[in-house]
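Subject: Structure handover

Hi,

Here is the structure I promised to pass on to you. Please open it alongside this email, and my notes on what turned up follow below.

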Amino acid sequence: MAIMTDQTATRAAPIACPQPKDWIRAIHAYVPGKSAGLDGQPLIKLSANENPLGTSGAAVEARAQVANTALYPDPDSKDLRAALAALHGLDPARIVMGTGSDELLHIAAQAYAGVGDEVLFVRYGFSVYPIAARRCGATPVEAPDCDYGTDVDALLAAVTERTRVVFLANPNNPTGSYIGRSELARLHAGLRPDVLLVVDQAYAEYVAEKDDDGALDLARSAANVLVTRTFSKIYGLAGERIGWATGPVAVIDMLNRIRGPFNVSLTGQAMGLAAVQDQAFVQASAAHNRAERARFVAALEQLGNHGLRPLPSQANFVLIEFSGALTAEAAYLGLMDAGYITRWLPGQGLPQCLRITIGTPEQMDAIATALRAMAQSTR
Ligand SMILES: Cc1ncc(COP(=O)(O)O)c(C=O)c1O
(Lines give C-alpha, C1' and ligand atoms only; values in the text may rest on other atoms or scores of the structure.)
Protein backbone atom coordinates (compact mmCIF):
# COMPACT_ATOMS: atom_id res chain seq x y z
CA MET A 1 0.00 0.00 0.00
CA ALA A 2 1.44 3.42 -0.99
CA ILE A 3 1.39 5.93 1.76
CA MET A 4 -0.51 9.03 0.72
CA THR A 5 0.94 12.31 1.91
CA ASP A 6 -0.71 15.67 1.89
CA GLN A 7 1.29 17.15 -0.96
CA THR A 8 -0.43 20.50 -0.87
CA ALA A 9 1.09 21.10 2.54
CA THR A 10 4.68 20.65 1.33
CA ARG A 11 4.48 22.16 -2.18
CA ALA A 12 4.86 25.89 -2.77
CA ALA A 13 1.60 27.64 -3.59
CA PRO A 14 0.99 27.52 -7.36
CA ILE A 15 2.06 30.73 -9.13
CA ALA A 16 -0.96 32.40 -10.65
CA CYS A 17 0.71 34.02 -13.66
CA PRO A 18 3.94 33.85 -15.68
CA GLN A 19 6.87 35.23 -13.69
CA PRO A 20 9.54 37.29 -15.46
CA LYS A 21 13.15 36.64 -14.60
CA ASP A 22 14.37 38.78 -11.70
CA TRP A 23 16.95 40.44 -13.94
CA ILE A 24 14.27 41.44 -16.46
CA ARG A 25 12.09 42.82 -13.67
CA ALA A 26 15.05 44.99 -12.59
CA ILE A 27 15.12 46.83 -15.95
CA HIS A 28 13.94 50.42 -16.17
CA ALA A 29 12.64 50.88 -19.72
CA TYR A 30 14.62 53.14 -22.08
CA VAL A 31 13.22 56.66 -22.10
CA PRO A 32 13.19 58.08 -25.65
CA GLY A 33 13.43 61.80 -26.44
CA LYS A 34 9.97 63.33 -26.33
CA SER A 35 8.30 65.16 -29.22
CA ALA A 36 5.43 66.86 -27.38
CA GLY A 37 4.93 69.14 -24.39
CA LEU A 38 3.24 68.25 -21.11
CA ASP A 39 -0.16 69.02 -22.66
CA GLY A 40 0.53 66.73 -25.64
CA GLN A 41 1.04 69.62 -28.07
CA PRO A 42 3.74 68.85 -30.68
CA LEU A 43 6.91 70.88 -30.17
CA ILE A 44 10.08 71.41 -32.20
CA LYS A 45 12.08 68.34 -31.30
CA LEU A 46 15.67 68.80 -30.19
CA SER A 47 15.59 65.84 -27.81
CA ALA A 48 16.72 62.82 -29.82
CA ASN A 49 19.84 63.91 -31.77
CA GLU A 50 18.22 63.56 -35.18
CA ASN A 51 19.57 65.28 -38.29
CA PRO A 52 18.01 68.75 -38.80
CA LEU A 53 18.83 68.54 -42.53
CA GLY A 54 16.58 65.48 -42.84
CA THR A 55 17.61 62.65 -45.15
CA SER A 56 19.71 62.47 -48.32
CA GLY A 57 17.54 63.16 -51.39
CA ALA A 58 19.10 60.09 -53.03
CA ALA A 59 17.86 57.93 -50.15
CA VAL A 60 14.35 59.35 -50.41
CA GLU A 61 14.42 58.61 -54.14
CA ALA A 62 15.60 55.03 -53.44
CA ARG A 63 12.63 54.46 -51.15
CA ALA A 64 10.29 55.41 -53.99
CA GLN A 65 11.95 52.77 -56.19
CA VAL A 66 11.24 49.88 -53.80
CA ALA A 67 8.75 47.85 -55.79
CA ASN A 68 7.36 44.87 -53.94
CA THR A 69 7.20 45.03 -50.18
CA ALA A 70 5.33 41.71 -50.13
CA LEU A 71 8.79 40.13 -50.43
CA TYR A 72 11.22 39.61 -47.57
CA PRO A 73 14.38 41.71 -47.69
CA ASP A 74 17.82 40.19 -48.31
CA PRO A 75 18.53 38.51 -44.96
CA ASP A 76 22.24 39.36 -45.27
CA SER A 77 21.91 42.98 -46.51
CA LYS A 78 24.66 42.07 -48.97
CA ASP A 79 24.67 45.24 -51.11
CA LEU A 80 24.57 47.53 -48.10
CA ARG A 81 27.40 45.66 -46.38
CA ALA A 82 29.47 45.81 -49.57
CA ALA A 83 28.94 49.59 -49.82
CA LEU A 84 29.92 50.11 -46.17
CA ALA A 85 32.98 47.91 -46.63
CA ALA A 86 34.06 49.92 -49.69
CA LEU A 87 33.54 53.25 -47.90
CA HIS A 88 35.46 52.32 -44.76
CA GLY A 89 38.03 49.91 -46.19
CA LEU A 90 36.58 46.90 -44.36
CA ASP A 91 36.00 43.25 -45.16
CA PRO A 92 32.24 42.81 -45.85
CA ALA A 93 32.44 39.40 -44.14
CA ARG A 94 33.30 41.27 -40.97
CA ILE A 95 30.19 43.48 -41.04
CA VAL A 96 26.87 42.56 -39.43
CA MET A 97 23.73 44.68 -39.82
CA GLY A 98 21.23 45.41 -37.06
CA THR A 99 17.79 46.88 -36.54
CA GLY A 100 19.47 50.09 -35.48
CA SER A 101 22.75 49.79 -33.61
CA ASP A 102 20.52 49.18 -30.60
CA GLU A 103 19.96 45.55 -31.65
CA LEU A 104 23.72 45.05 -31.98
CA LEU A 105 24.49 46.48 -28.53
CA HIS A 106 21.98 44.08 -26.99
CA ILE A 107 23.17 40.99 -28.83
CA ALA A 108 26.83 41.80 -28.16
CA ALA A 109 26.08 41.72 -24.43
CA GLN A 110 23.90 38.63 -24.83
CA ALA A 111 26.57 36.71 -26.75
CA TYR A 112 29.40 37.41 -24.31
CA ALA A 113 27.84 37.99 -20.88
CA GLY A 114 25.30 36.22 -18.70
CA VAL A 115 24.33 35.49 -15.12
CA GLY A 116 27.30 36.06 -12.79
CA ASP A 117 29.18 38.23 -15.32
CA GLU A 118 29.71 42.00 -15.30
CA VAL A 119 29.20 44.52 -18.09
CA LEU A 120 31.18 47.70 -17.54
CA PHE A 121 30.69 51.26 -18.76
CA VAL A 122 31.37 54.77 -17.58
CA ARG A 123 28.94 56.75 -15.40
CA TYR A 124 26.69 58.90 -17.65
CA GLY A 125 27.23 56.41 -20.47
CA PHE A 126 24.50 55.61 -23.00
CA SER A 127 21.39 54.51 -21.11
CA VAL A 128 20.93 51.35 -23.18
CA TYR A 129 24.05 49.72 -21.64
CA PRO A 130 22.52 48.85 -18.25
CA ILE A 131 19.45 47.50 -20.06
CA ALA A 132 21.60 45.36 -22.37
CA ALA A 133 23.50 44.03 -19.35
CA ARG A 134 20.40 43.19 -17.33
CA ARG A 135 18.59 41.66 -20.29
CA CYS A 136 21.06 38.79 -20.33
CA GLY A 137 21.22 38.44 -16.56
CA ALA A 138 24.62 40.14 -16.20
CA THR A 139 25.41 42.84 -13.64
CA PRO A 140 25.83 46.39 -14.96
CA VAL A 141 28.84 48.15 -13.42
CA GLU A 142 29.51 51.88 -13.67
CA ALA A 143 33.02 53.33 -13.45
CA PRO A 144 33.40 56.90 -12.14
CA ASP A 145 33.53 59.68 -14.73
CA CYS A 146 36.01 62.55 -14.94
CA ASP A 147 34.06 65.84 -15.11
CA TYR A 148 31.29 63.97 -17.02
CA GLY A 149 33.84 62.45 -19.44
CA THR A 150 35.37 59.00 -19.86
CA ASP A 151 38.12 58.20 -17.37
CA VAL A 152 40.19 55.35 -18.82
CA ASP A 153 42.02 54.71 -15.54
CA ALA A 154 38.72 54.48 -13.65
CA LEU A 155 37.33 52.06 -16.25
CA LEU A 156 40.41 49.86 -16.05
CA ALA A 157 40.33 49.94 -12.25
CA ALA A 158 36.71 48.75 -12.33
CA VAL A 159 37.52 45.61 -14.35
CA THR A 160 37.20 42.40 -12.32
CA GLU A 161 37.59 38.74 -13.22
CA ARG A 162 33.85 38.76 -13.91
CA THR A 163 33.99 41.53 -16.53
CA ARG A 164 33.04 40.21 -19.95
CA VAL A 165 32.00 43.29 -21.95
CA VAL A 166 33.04 46.97 -21.77
CA PHE A 167 30.82 49.49 -23.57
CA LEU A 168 32.26 52.86 -24.55
CA ALA A 169 30.26 55.39 -26.55
CA ASN A 170 32.76 57.65 -28.29
CA PRO A 171 31.53 60.39 -28.59
CA ASN A 172 29.36 59.63 -25.59
CA ASN A 173 25.64 60.32 -25.29
CA PRO A 174 24.45 62.29 -23.28
CA THR A 175 27.70 64.07 -22.40
CA GLY A 176 29.24 64.58 -25.87
CA SER A 177 32.64 63.69 -24.39
CA TYR A 178 35.30 61.97 -26.44
CA ILE A 179 38.60 60.18 -25.96
CA GLY A 180 41.24 60.24 -28.67
CA ARG A 181 43.27 57.50 -30.31
CA SER A 182 45.95 57.14 -27.64
CA GLU A 183 43.44 56.93 -24.77
CA LEU A 184 41.33 54.37 -26.62
CA ALA A 185 44.46 52.33 -27.39
CA ARG A 186 45.42 52.53 -23.70
CA LEU A 187 41.96 51.30 -22.68
CA HIS A 188 42.17 48.41 -25.10
CA ALA A 189 45.73 47.51 -24.06
CA GLY A 190 44.67 47.45 -20.40
CA LEU A 191 41.85 44.95 -20.92
CA ARG A 192 42.26 41.20 -20.75
CA PRO A 193 41.97 39.59 -24.19
CA ASP A 194 38.82 37.75 -23.13
CA VAL A 195 36.96 41.03 -22.46
CA LEU A 196 34.99 42.32 -25.45
CA LEU A 197 35.45 46.08 -25.93
CA VAL A 198 32.41 47.51 -27.75
CA VAL A 199 33.13 50.99 -29.11
CA ASP A 200 29.78 52.58 -29.89
CA GLN A 201 30.44 55.10 -32.66
CA ALA A 202 26.88 56.30 -33.23
CA TYR A 203 28.21 59.88 -33.58
CA ALA A 204 31.60 59.12 -35.20
CA GLU A 205 30.84 60.94 -38.47
CA TYR A 206 30.54 64.22 -36.56
CA VAL A 207 34.14 63.94 -35.34
CA ALA A 208 36.81 65.68 -37.45
CA GLU A 209 38.90 63.16 -39.40
CA LYS A 210 42.10 64.30 -37.69
CA ASP A 211 40.58 63.36 -34.32
CA ASP A 212 39.65 59.79 -35.37
CA ASP A 213 39.79 57.54 -32.30
CA GLY A 214 41.19 54.59 -34.26
CA ALA A 215 38.36 52.25 -33.24
CA LEU A 216 37.89 50.89 -36.77
CA ASP A 217 41.62 50.11 -36.93
CA LEU A 218 41.32 48.21 -33.65
CA ALA A 219 38.26 46.35 -34.95
CA ARG A 220 40.30 45.30 -38.01
CA SER A 221 43.26 44.01 -36.04
CA ALA A 222 42.26 43.04 -32.49
CA ALA A 223 40.45 39.84 -31.54
CA ASN A 224 38.28 41.54 -28.91
CA VAL A 225 37.06 44.87 -30.36
CA LEU A 226 33.64 45.44 -31.89
CA VAL A 227 32.63 48.82 -33.34
CA THR A 228 28.97 49.73 -33.76
CA ARG A 229 27.64 52.46 -36.07
CA THR A 230 24.23 53.77 -37.04
CA PHE A 231 22.27 55.35 -39.87
CA SER A 232 20.08 57.13 -37.32
CA LYS A 233 22.23 60.21 -36.78
CA ILE A 234 24.24 61.84 -39.57
CA TYR A 235 22.53 59.76 -42.29
CA GLY A 236 19.13 61.03 -41.15
CA LEU A 237 17.52 57.58 -41.24
CA ALA A 238 16.46 57.09 -37.61
CA GLY A 239 12.99 56.06 -38.75
CA GLU A 240 14.35 53.19 -40.84
CA ARG A 241 16.24 51.51 -37.94
CA ILE A 242 19.56 50.59 -39.56
CA GLY A 243 22.80 49.93 -37.70
CA TRP A 244 25.95 47.96 -38.34
CA ALA A 245 28.95 46.57 -36.55
CA THR A 246 32.40 45.39 -37.52
CA GLY A 247 34.93 43.28 -35.67
CA PRO A 248 36.68 39.92 -35.64
CA VAL A 249 35.15 37.14 -37.77
CA ALA A 250 34.45 35.03 -34.67
CA VAL A 251 32.46 37.84 -33.02
CA ILE A 252 30.54 38.71 -36.19
CA ASP A 253 29.70 35.02 -36.58
CA MET A 254 28.19 34.92 -33.06
CA LEU A 255 26.14 38.08 -33.67
CA ASN A 256 24.86 36.67 -36.97
CA ARG A 257 23.57 33.61 -35.13
CA ILE A 258 21.34 35.61 -32.82
CA ARG A 259 20.34 38.75 -34.75
CA GLY A 260 16.88 38.98 -36.25
CA PRO A 261 16.90 37.02 -39.55
CA PHE A 262 15.45 39.82 -41.69
CA ASN A 263 16.51 42.63 -39.41
CA VAL A 264 16.92 45.43 -41.96
CA SER A 265 13.79 46.12 -43.99
CA LEU A 266 13.57 46.33 -47.77
CA THR A 267 13.22 50.12 -47.71
CA GLY A 268 15.92 50.36 -45.05
CA GLN A 269 18.43 48.49 -47.21
CA ALA A 270 17.58 50.55 -50.29
CA MET A 271 17.74 53.87 -48.45
CA GLY A 272 20.88 52.90 -46.55
CA LEU A 273 22.67 51.97 -49.77
CA ALA A 274 21.76 55.26 -51.47
CA ALA A 275 22.72 57.19 -48.33
CA VAL A 276 26.18 55.57 -48.14
CA GLN A 277 26.71 56.51 -51.78
CA ASP A 278 25.77 60.15 -51.06
CA GLN A 279 28.72 61.23 -48.93
CA ALA A 280 28.13 64.85 -50.00
CA PHE A 281 25.04 64.82 -47.74
CA VAL A 282 27.09 63.39 -44.86
CA GLN A 283 29.76 66.05 -45.31
CA ALA A 284 27.17 68.84 -45.49
CA SER A 285 25.55 67.54 -42.31
CA ALA A 286 28.91 67.41 -40.51
CA ALA A 287 29.79 70.94 -41.65
CA HIS A 288 26.39 72.26 -40.58
CA ASN A 289 26.79 70.63 -37.17
CA ARG A 290 30.30 71.94 -36.65
CA ALA A 291 29.30 75.53 -37.48
CA GLU A 292 26.04 75.58 -35.51
CA ARG A 293 27.51 73.79 -32.50
CA ALA A 294 30.35 76.34 -32.35
CA ARG A 295 27.91 79.27 -32.61
CA PHE A 296 25.62 77.78 -29.95
CA VAL A 297 28.49 77.04 -27.55
CA ALA A 298 29.81 80.59 -28.00
CA ALA A 299 26.36 81.97 -27.11
CA LEU A 300 26.16 79.70 -24.04
CA GLU A 301 29.64 80.68 -22.88
CA GLN A 302 28.37 84.24 -22.53
CA LEU A 303 25.97 82.94 -19.87
CA GLY A 304 28.75 81.52 -17.71
CA ASN A 305 28.16 84.19 -15.05
CA HIS A 306 24.60 82.82 -14.73
CA GLY A 307 25.95 79.32 -14.03
CA LEU A 308 25.46 77.79 -17.48
CA ARG A 309 28.35 75.62 -18.69
CA PRO A 310 28.29 73.87 -22.06
CA LEU A 311 30.37 70.68 -21.82
CA PRO A 312 32.80 70.06 -24.69
CA SER A 313 31.00 68.06 -27.37
CA GLN A 314 32.17 66.16 -30.45
CA ALA A 315 28.61 65.12 -31.29
CA ASN A 316 25.43 66.69 -32.68
CA PHE A 317 24.23 67.88 -29.28
CA VAL A 318 25.48 69.86 -26.32
CA LEU A 319 25.01 69.00 -22.66
CA ILE A 320 24.62 72.13 -20.53
CA GLU A 321 25.27 72.10 -16.79
CA PHE A 322 23.22 74.60 -14.73
CA SER A 323 24.71 75.66 -11.40
CA GLY A 324 23.16 79.13 -10.92
CA ALA A 325 19.69 80.46 -10.07
CA LEU A 326 18.25 79.14 -13.34
CA THR A 327 17.91 75.38 -12.94
CA ALA A 328 17.99 72.81 -15.73
CA GLU A 329 14.39 71.90 -14.92
CA ALA A 330 13.22 75.52 -15.16
CA ALA A 331 15.12 75.95 -18.44
CA TYR A 332 13.56 72.73 -19.79
CA LEU A 333 10.06 73.97 -18.93
CA GLY A 334 10.81 77.47 -20.23
CA LEU A 335 12.06 76.11 -23.54
CA MET A 336 8.84 74.11 -23.84
CA ASP A 337 6.91 77.36 -23.43
CA ALA A 338 9.07 78.77 -26.23
CA GLY A 339 8.06 75.80 -28.44
CA TYR A 340 11.07 73.49 -28.04
CA ILE A 341 11.43 70.07 -26.47
CA THR A 342 14.95 69.28 -25.24
CA ARG A 343 16.24 66.52 -22.98
CA TRP A 344 16.28 66.97 -19.22
CA LEU A 345 18.03 64.01 -17.62
CA PRO A 346 17.11 63.44 -13.95
CA GLY A 347 16.58 59.75 -14.71
CA GLN A 348 20.24 59.44 -15.70
CA GLY A 349 21.51 61.12 -12.56
CA LEU A 350 21.84 64.46 -14.33
CA PRO A 351 19.05 66.69 -12.91
CA GLN A 352 21.46 69.63 -13.26
CA CYS A 353 21.83 69.16 -17.02
CA LEU A 354 19.92 69.69 -20.26
CA ARG A 355 20.93 68.02 -23.52
CA ILE A 356 20.07 69.99 -26.63
CA THR A 357 20.38 68.64 -30.19
CA ILE A 358 21.96 70.96 -32.74
CA GLY A 359 19.14 72.07 -35.03
CA THR A 360 18.81 74.71 -37.72
CA PRO A 361 20.44 78.16 -37.28
CA GLU A 362 17.03 79.70 -36.52
CA GLN A 363 16.27 77.07 -33.89
CA MET A 364 19.66 77.51 -32.20
CA ASP A 365 19.26 81.30 -32.18
CA ALA A 366 15.81 80.95 -30.63
CA ILE A 367 17.07 78.56 -27.96
CA ALA A 368 20.05 80.77 -27.09
CA THR A 369 17.78 83.84 -26.90
CA ALA A 370 15.27 82.05 -24.66
CA LEU A 371 18.00 80.74 -22.35
CA ARG A 372 19.55 84.23 -22.08
CA ALA A 373 16.18 85.78 -21.22
CA MET A 374 15.49 83.12 -18.59
CA ALA A 375 18.98 83.38 -17.07
CA GLN A 376 18.78 87.18 -16.86
CA SER A 377 15.32 87.19 -15.28
CA THR A 378 16.01 84.44 -12.67
CA ARG A 379 17.54 85.47 -9.35
C1 LIG B 1 25.51 56.42 -28.14
C2 LIG B 1 24.37 55.80 -28.88
N3 LIG B 1 24.47 54.54 -29.30
C4 LIG B 1 23.49 53.92 -29.95
C5 LIG B 1 22.30 54.57 -30.21
C6 LIG B 1 21.22 53.78 -30.87
O7 LIG B 1 20.89 54.24 -32.07
P8 LIG B 1 20.10 53.37 -33.15
O9 LIG B 1 19.53 52.17 -32.49
O10 LIG B 1 19.08 54.29 -33.67
O11 LIG B 1 21.15 52.98 -34.15
C12 LIG B 1 22.12 55.89 -29.80
C13 LIG B 1 20.85 56.59 -30.02
O14 LIG B 1 20.57 57.63 -29.54
C15 LIG B 1 23.19 56.52 -29.11
O16 LIG B 1 23.07 57.77 -28.67
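Let me start with leucine 43, which sits in the loop between helix H2 (22–25) and strand S1 (44–45). One thing to keep in mind throughout is that this is a predicted model. Leucine 43 is 292 residues away from leucine 335 in sequence, yet their C-alpha atoms are 9.9 Å apart in space. Setting aside neighbours within four places in sequence, leucine 43 is in contact with Ser35, Ala36 and Gly37, and also with Met336, Gly339, Tyr340 and Ile341.

The domain assignment gives some background for that. Domain 1 is made of 33–52 + 281–377, while domain 2 covers 57–277. Taken over C-alpha atoms, the centres of the two domains are 26 Å apart. Their contact takes 25 residues from domain 1 and 23 residues from domain 2.

Next, the ligand, which I suspect you will want to look at yourself. How many residues surround the ligand, and which are the closest? There are 14 of them, and the closest are Ser101, Asn173, Asp200, Thr230 and Ser232. By class, the shell splits into five nonpolar, five polar and four charged residues. Helix H5 (residues 100–112) gives the most to this shell, with four residues.

Three side chains are worth displaying with their distances to the ligand:

- Aspartate 200: an N or O atom of its side chain is 2.6 Å from a nitrogen atom of the ligand.
- Tyrosine 203: a polar side-chain atom lies 2.7 Å from an oxygen atom of the ligand.
- Serine 232: a polar side-chain atom lies 2.6 Å from an oxygen atom of the ligand.

Taken alone, the ligand exposes 390 Å², and the protein buries 93% of that.

Glutamine 201 also deserves a look. It is found in the loop between strand S6 (196–200) and H9. Glutamine 201 counts as buried because its relative accessibility is 2%, under the 20% cut-off. Its side chain makes a polar contact of 2.8 Å with the side chain of aspartate 213. Not counting residues up to four places away in sequence, glutamine 201 touches Asn170, Asp213, Ala215, Leu216, Val227, Thr228 and Arg229.

Now for the backbone. Most residues other than glycine have a negative phi, and most peptide bonds are trans. Here are the places to check against that.

The peptide bond from asparagine 170 to proline 171 is cis, with omega near 0 degrees. A cis peptide bond also joins asparagine 173 and proline 174, where omega is about 15 degrees. Proline 171 is in the loop between strand S5 (163–169) and helix H8 (181–190), and proline 174 has its place in the loop between S5 and H8 too. You may recall two of these names: Asn173 is among the closest residues to the ligand, and Asn170 is one of the residues touched by glutamine 201.

Two tyrosines have a positive phi although neither is a glycine: about 65 degrees for tyrosine 124 and about 75 degrees for tyrosine 148. Tyrosine 124 lies in the loop between strand S3 (118–122) and helix H6 (128–135), and tyrosine 148 in the loop between strand S4 (139–143) and helix H7 (152–157). Are these side chains buried or exposed? Tyrosine 124 counts as buried at 15% relative accessibility, and tyrosine 148 is buried with a relative accessible area of 9%.

Helix H4 (residues 78–88) has Leu80, Arg81, Ala83, Leu84, Ala85 and His88 as its buried residues. What do they pack against? Their partners are strand S2 (95–99), helix H9 (215–221), strand S7 (225–230), strand S8 (242–246) and helix H11 (266–276). H4 is followed by glycine 89, whose phi is positive, near 65 degrees.

Last comes arginine 293, found in helix H12 (residues 279–301). Arginine 293 is buried, with a relative accessible area of 11%. Leaving out residues up to four places away in sequence, arginine 293 touches Ser313, Gln314, Ala315, Phe317, Val318 and Ile358. From arginine 293 to leucine 80 the distance is 31 Å, C-alpha to C-alpha, with their positions 213 residues apart in sequence.

Happy to talk any of this through once you have had a look.

Best wishes

Conventions: Residues numbered from 1 in each chain as written. Predicted model: local features only at pLDDT ≥ 70, side-chain atom pairs only at ≥ 80, totals over all residues. Heavy atoms only, no water. Helix = DSSP H or I, 4+ residues; strand = E, 2+ residues; numbered from the N terminus. Buried < 20%, exposed > 50% of the residue type's maximum accessible area, 1.4 Å probe, protein only. Contact = heavy atoms within 4.5 Å. Near = heavy atom within 4 Å. Polar contact = N/O pair within 3.5 Å; in protein donor to acceptor, adjacent residues only side chain to side chain. Areas by Shrake-Rupley, 256 points an atom, 1.4 Å probe, with all protein chains shown as cover. Nonpolar A, V, L, I, M, F, W, Y, C, P; charged D, E, K, R; others polar. Domains from an automatic or database assignment.
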